[in-house]
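Trainee: Could you walk me through this model and show me how to read helix packing, the core and a few single residues?

Mentor: Gladly, let's open it and take the features one by one.

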Amino acid sequence: GNRKGMHAHLPAVSRLVWPLARAARRLVAGGVKATAREMALCCSCRLSEQVPEALFLVSESPSYSNLTPDDAANVRGGVRALVADMGGYPLPVESFELVFPLLRFAVENPPVGSEVQDLALKTVAQHASPGQAWPSAGIIGTLVGVMVSNARIRKAAGDLALKHAAQLQPHDVSELLDGCLAADPAVRSAVLDCL
């Protein structure tokens, strides 16, 4: 089909495809993998084959502990490949929304390793420029969870949440409210700064 025309529809298509991987993994796994590869070809930069494979793995498995050692290595390789494919430049919003589940998975799961986690967080940080329709609610929801559970990257996650908070729509403020109940005062303070 028309890959350039499809680029504008990547967010909508990915919101349909990723839940399929989780809901009916054995029935539609081949179709979801093929669709992930096709969606990757529609991105603004040429994504290596490791990226759609890693996207499929994280869409199928919500937790790092559910991954086999080979799958975990593929996820780590997918994050590294994505960063290399980007060449130091941010992706357009549509492409970013496609790959965000992989970055979210890496940021939320410390067992991926601190190097990969830091790469994923830096990549998300590249996508915080004002005036763009970034998926700020999903990003902030992820960052609040990370601030609560991971002291090592709490400060960086809080700073990034603050950048995205300015872009939140009023109906998305609920993503920040969970952080107001956090036990750690540093998390509560960062969330209140965002509000």
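**Reading helix packing and buried residues**

Mentor: Let's begin with a pair of helices: α4 and α5 cross in a left-handed sense. Keep in mind that this is a predicted model.

Trainee: At what angle do helix α4 and α5 pack, and how far apart are their axes?

Mentor: The general idea comes first. Two packed helices are described by the angle between their axes and the distance between the axes. Here, helix α4 (residues 50–60) packs on α5 at about 130 degrees, and the axes are 8 Å apart. That angle makes α4 oblique to α5, because angles from 115 to 145 degrees fall outside the perpendicular and antiparallel ranges.

Trainee: Which residues meet in α4 and α5?

Mentor: From α4 they are Q50, V51, A54, L57 and V58. On the α5 side you will find D71, N74, V75, G77, G78, A81, L82 and D85.

Trainee: What is the angle between helix α5 and helix α7?

Mentor: The axes of α5 (residues 69–86) and α7 (residues 114–125) come within 10 Å and cross at roughly 40 degrees. These two are therefore oblique to each other, and their crossing is left-handed. In α5 the contact is made by R76, V79, R80, V83 and M86, and in α7 by E115, V116, L119, A120 and T123.

Trainee: Now the core, please. How many residues does the largest nonpolar core have, and which have the most contacts inside it?

Mentor: The largest nonpolar core counts 60 residues, and L47, V51, L82, V99, L102 and M147 have the most contacts inside it. Helix α6 (residues 93–108) gives the most to this core, with ten residues. V51 is a good one to click on: leaving out residues up to four places away in sequence, V51 touches G78, A81, L82, D85, V99 and L102.

Trainee: Let me try T142. Is T142 buried or exposed?

Mentor: To judge this, look at relative accessible area: under 20% is buried, and over 50% is exposed. T142 is in helix α8 and has 5% relative accessibility, so T142 counts as buried. A polar atom of the T142 side chain lies 3.0 Å from the backbone oxygen of G138. Beyond four places in sequence, T142 touches F100, R104, V107 and E108.

Trainee: And where is N150 found?

Mentor: N150 sits in the loop between α8 (136–149) and α9 (154–165). Its relative accessibility is 9%, so N150 is buried as well.

Trainee: What does the side chain of N150 reach?

Mentor: The N150 side chain reaches the backbone nitrogen of R152 at 3.0 Å. The side chain of N150 also makes a polar contact, at 3.3 Å, with the side chain of Q117. Not counting residues up to four places away in sequence, N150 touches P110 and Q117. N150 and P110 are 40 residues apart in sequence, yet 7.8 Å apart in space, C-alpha to C-alpha.

Trainee: One last residue: is Y89 buried or exposed?

Mentor: Y89 has a relative accessible area of 61%, so Y89 is exposed. You can locate Y89 in the loop between α5 and α6. Along the chain, Y89 and C45 are 44 residues apart, and their C-alpha atoms are separated by 9.7 Å.

Key:
Residues numbered from 1 in each chain as written. Predicted model: local features only at pLDDT ≥ 70, side-chain atom pairs only at ≥ 80, totals over all residues. Heavy atoms only, no water. Core = buried A, V, L, I, M, F, W, Y, C linked by side-chain atoms within 4.5 Å. Buried < 20%, exposed > 50% of the residue type's maximum accessible area, 1.4 Å probe, protein only. Helix = DSSP H or I, 4+ residues; strand = E, 2+ residues; numbered from the N terminus. Contact = heavy atoms within 4.5 Å. Polar contact = N/O pair within 3.5 Å; in protein donor to acceptor, adjacent residues only side chain to side chain. Axes fitted to C-alpha atoms, helices over the stretch in contact; angles between N-to-C directions. Parallel < 35°, antiparallel > 145°, perpendicular 65-115°, else oblique. Left-handed = near helix turned anticlockwise from the far one by under 90°.
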